[in-house]
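Me: I would be grateful for a close examination of one part of the structure shown here. Please concentrate on the sheet and the strands at one end of it, and then place that part among its surroundings.

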Amino acid sequence: MTVLERFLEGDQAALARIISYIEDADKGWQELLSRLYTRAGRAVKIGFTGPPGAGKSSLVNCTAKLLAAQNKKIGIIAVDPTSPFTGGALLGDRIRMKDLPSDGSVFIRSMATRGSTGGLAVATDNATIALDAFGFDYILIETVGVGQVELDIINTCDTVVVILVPESGDAIQALKAGLMEIADIFAINKADRPLSESIVAELISVLHMKAEKSIWEIPVIPTEAINNKNTDLLLEKILAHLDFSKQTGHFERHRREQIRRKIFDILHDRVHEVIIKKLGAVADLDRLVGEIFEHRTDPFRAGERLFHLTQIDS
């Protein structure tokens, strides 16, 4: 029996192998994704993002347990920093999620960023296709938490939870960094610590000022993941956002935009691959770099010349 056949029969070991195949971009991985894509589209994807140490893993853990208690199947992708030794994920999040049900209702996959700077691994979106096709009801995605604007999470998920903590001034940083623009829900985790109430109030105040720009009133939920406090309320707001999004048509519009972006990403990668291949055949880059360094030409003229030399035949 092939790995794909075992996958289609619900073998999680086969699922893990297929995700590795996709992540490593092994020969034929795109054809495999094409076959899986026709079976995908039913799972709901929820993103959890925020700065390191905010408790993203703990809240994902709590959310997964609550959903599993409702007899839902959950796939989790925890994006970890890349190991400097192996190039793989450091697996910290997977260790912290060890108390999840072991009855097959929850599947956890750690993925390395492998140099990606958008908070997600390059292969994360493709891995969600495999999880979706496998039959999971919910896919929870935790970003690496680089503390920057993590726009990748919007292009992958249906609902985004931004997790902040009280004492580090993250509320102000959220406003500066643009996290305000990607959040469907804010969770102020570790809310038993000082300043949590003031940060909750501050965020609510700012959100009220921006309310006219959005038809969804973004909730701010104080949580204590370690004590499992208000995690049920957080899930309630997640499900409420999904319902609201579907009722207003935003869910479908957002998914259509994600497909549009997916097509452009595929085209970008293919064109980039072709140009780099042709560039190697027509250009001596070291010589060209030398000419630019010696001011005998400039990067703009050089780039334009190389572009014409490497144009893809129509």
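Reply:

**Strand E6 and its surroundings**

Isoleucine 188 has proline 222, in E7, as its bridge partner. In this predicted model, that pair belongs to the connection between E6 and E7, two parallel strands joined by three bridges.

On the E5 side, E6 (residues 185-188) is joined to E5 (residues 159-164) by four bridges, and these two strands also run parallel. Two of the facing pairs can be named. Valine 161 lies opposite isoleucine 185 of E6, and isoleucine 163 has alanine 187 of E6 as its bridge partner.

The side chains of E6 divide by direction: Ile185 and Ala187 point one way, Phe186 and Ile188 point the other way, and all of them are buried.

The wider sheet gives this strand its place. The sheet is open and has seven strands, in the order E3-E2-E4-E1-E5-E6-E7, with parallel pairing. Strand E3 (106-112) and strand E7 (220-222) each have a single partner strand and stand at the edges, so one side of each is left without a neighbour in the sheet. From one strand to the next, the twist averages 20°. As general background, the strands of a sheet pair through backbone hydrogen bonds, in either a parallel or an antiparallel manner.

Beyond the sheet, helix H6 (residues 124-134) is largely enclosed by the rest of the structure, because ten of its eleven residues are buried. Among the buried residues of H6 are Asn126, Ile129, Leu131, Asp132 and Phe134. Glycine 135, just after H6, adopts a positive phi of about 110°.

A helix pair completes the picture. The axes of helix H4 (residues 56-69) and helix H10 (residues 231-248) come within 10 Å and cross at roughly 75°. Since angles of 65 to 115 degrees count as roughly perpendicular, H4 and H10 are therefore roughly perpendicular to each other. H4 contributes Leu59, Cys62, Thr63, Leu66 and Leu67 to the contact, and H10 contributes Thr231, Asp232, Leu234 and Leu235. By character, the residues of this contact of H4 with H10 comprise six nonpolar, two polar and one charged.

Cysteine 62 counts as buried, with 6% relative accessibility. Cysteine 157 likewise counts as buried, with 1% relative accessibility. A search of the whole structure finds zero disulfides.

How values were computed. Residues numbered from 1 in each chain as written. Predicted model: local features only at pLDDT ≥ 70, side-chain atom pairs only at ≥ 80, totals over all residues. Heavy atoms only, no water. Pairing = 2+ DSSP bridges. Axes fitted to C-alpha atoms, helices over the stretch in contact; angles between N-to-C directions. Buried < 20%, exposed > 50% of the residue type's maximum accessible area, 1.4 Å probe, protein only. Disulfide = S-S within 2.5 Å. Parallel < 35°, antiparallel > 145°, perpendicular 65-115°, else oblique. Contact = heavy atoms within 4.5 Å. Nonpolar A, V, L, I, M, F, W, Y, C, P; charged D, E, K, R; others polar.
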